[in-house]
Amino acid sequence: MAAENRKIAFICSKGDIDMAYPALIMGWAALGNGIEVIIFFTFWGLDLVTKKRVDHLEIAPIANTSFKISMMGLPTGNLGIPSILGIIPGMTAFASWFLKKEIKKQGVPTVREYIEMLHDGGAKLYGCKMTVDMFGIKKDDFLPQVDAVVTASDFMDMTEGAEIIFI
Amino acid sequence: MLVDLTKVSFNEEGFMTNPNEWTKEIAVEIAKQEGIDPLTDDHWKIIDFCRQTGLASGKAPTMRQITTGTGISTKDLFALFPKGPAKKVAKISGLGKPEGCV
């Protein structure tokens, strides 16, 4: 299928650091290839476009079976962070700091920068009306790059013929 | 000067296979095929940057490298090379597909 006819829509439902990046990276790649991009933020995914939350996304090592100590450059192989350690206050902050540092080292922009880049590159960014109502989020709480708050039905209308990816 | 693109070698995706074959005249012709005509000073600023970094590293720069390297904003990059600047810039600059995700 020719790129100019392709349209791709991402539904971002998670606010953890590791769940924030896939849509941002793939959306950016899609724009670079001339593919139309729509991103719909719902539930915890709204953290990605909320002023108060966007710079404070986290990752919890607890119950995360992929978070291994070897990620920190230690030769520990498959040794994970035991859940009992994960409950220690500060572990989530530590893991989040660590992951953000590694992401930065790769030259990958922050989530806030990505949202700006996507918007400037022509992606459409929408908040989910039901979640916005439920959380009591105001228009002013959002980053200025958010185009509108729309209903699930609006989303279905605007994604006709699009490939849809749920994250 | 008229350029015959049939004498230039491209791969099946439309990227030039030999960056040393590239000339400014070829760039103008490829740009026309990509729907960009004429190439303005801002276009050339980006193409020159890609040629410099591309030839040095052997890879076409990513969009993020272009915007940070040239000071041209994301908005302007997409306005100058509409509908797929990553690939269009690489093609016009006679380089391969950009490697890297950002």
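A residue is buried if 20 or more other C-beta atoms lie within 10 Å of its own, exposed if 12 or fewer, and partly exposed in between. Keep this at hand. The model is predicted.

**Exercise 1. Classify A:Asp16 by its C-beta neighbours, then place it in the chain.**

Step 1. Take the count. A:Asp16 has 17 C-beta neighbours inside 10 Å.
Step 2. Apply the cut-offs. Exposed means 12 or fewer, and buried means 20 or more. With its 17 neighbours, A:Asp16 therefore counts as partly exposed.
Step 3. Locate the residue. A:Asp16 sits in the loop that links β1 (7-12) to α1 of chain A.
Step 4. List its partners. Neighbours within four places in sequence are left aside; A:Asp16 is then in contact with A:Leu57, A:Glu58 and A:Ile59.
Step 5. Compare sequence and space. A:Asp16 and A:Leu57 are 41 residues apart along the chain, yet 5.8 Å separates their C-alpha atoms.

**Exercise 2. Describe how the two domains of chain A meet.**

Step 1. Set the bounds. Domain 1 covers 3-54 + 110-166, and domain 2 covers 56-109.
Step 2. Find the spacing. The C-alpha centres of domain 1 and domain 2 of chain A are 26 Å apart.
Step 3. Count the contact residues. Domain 1 of chain A brings 12 residues and domain 2 of chain A brings 8.
Step 4. Name the helices on the domain 1 side. α1 (17-32) and α5 (111-120) of chain A each give at least two residues. The largest share, 4 residues, comes from α5(A).
Step 5. Sort by type. That side of domain 1 of chain A holds 5 nonpolar, 2 polar and 5 charged residues.

**Exercise 3. Test whether the radius of gyration of chain B agrees or disagrees with a compact globule.**

Step 1. Get the expected value. For 102 residues, a compact globule would have a radius of gyration near 13 Å.
Step 2. Compare. Chain B has 12 Å, which agrees.
Step 3. Add the outline. Along the principal axes, the C-alpha atoms of chain B fill a box of roughly 35 × 25 × 20 Å.
Step 4. Note the make-up. Chain B has 5 helices and 0 strands. Buried residues are 31% of its 102 residues.
Step 5. Look at the contacts. Take those in chain B between residues at least 6 apart in sequence: 55% of them join residues at least 24 apart.

**Exercise 4. Work out where the buried residues of helix α1 of chain B lie around its axis.**

Step 1. List them. In α1 (residues 24-33) of chain B, the buried residues are B:Ala27, B:Ile30 and B:Ala31.
Step 2. Look down the axis. The buried residues of α1(B) fall within an arc of 105°, so they line one face of the helix.
Step 3. Find what they pack against. The buried residues of α1(B) meet α2 and α5 of chain B.
Step 4. Check what follows. Just after α1(B), B:Gly35 has a positive phi of about 85°.

**Exercise 5. Repeat the burial test for B:Lys45.**

Step 1. Place it. B:Lys45 belongs to helix α2 (residues 41-57) of chain B.
Step 2. Count and decide. B:Lys45 has 15 C-beta neighbours inside 10 Å, so it counts as partly exposed.
Step 3. Name the contacts. Beyond neighbours within four places in sequence, B:Lys45 is in contact with B:Thr70 and B:Ile72.
Step 4. Give the distance. B:Lys45 and B:Ile72 are 27 residues apart in sequence and 8.9 Å apart in space, C-alpha to C-alpha.

Note on methods
Residues numbered from 1 in each chain as written. Chains lettered and ligands numbered in written order. Predicted model: local features only at pLDDT ≥ 70, side-chain atom pairs only at ≥ 80, totals over all residues. Domains from an automatic or database assignment. Contact = placed C-beta atoms within 7 Å. Nonpolar A, V, L, I, M, F, W, Y, C, P; charged D, E, K, R; others polar. Arc of directions from axis to C-beta. Rg over C-alpha atoms; globule rule 2.2 N^0.38 Å.
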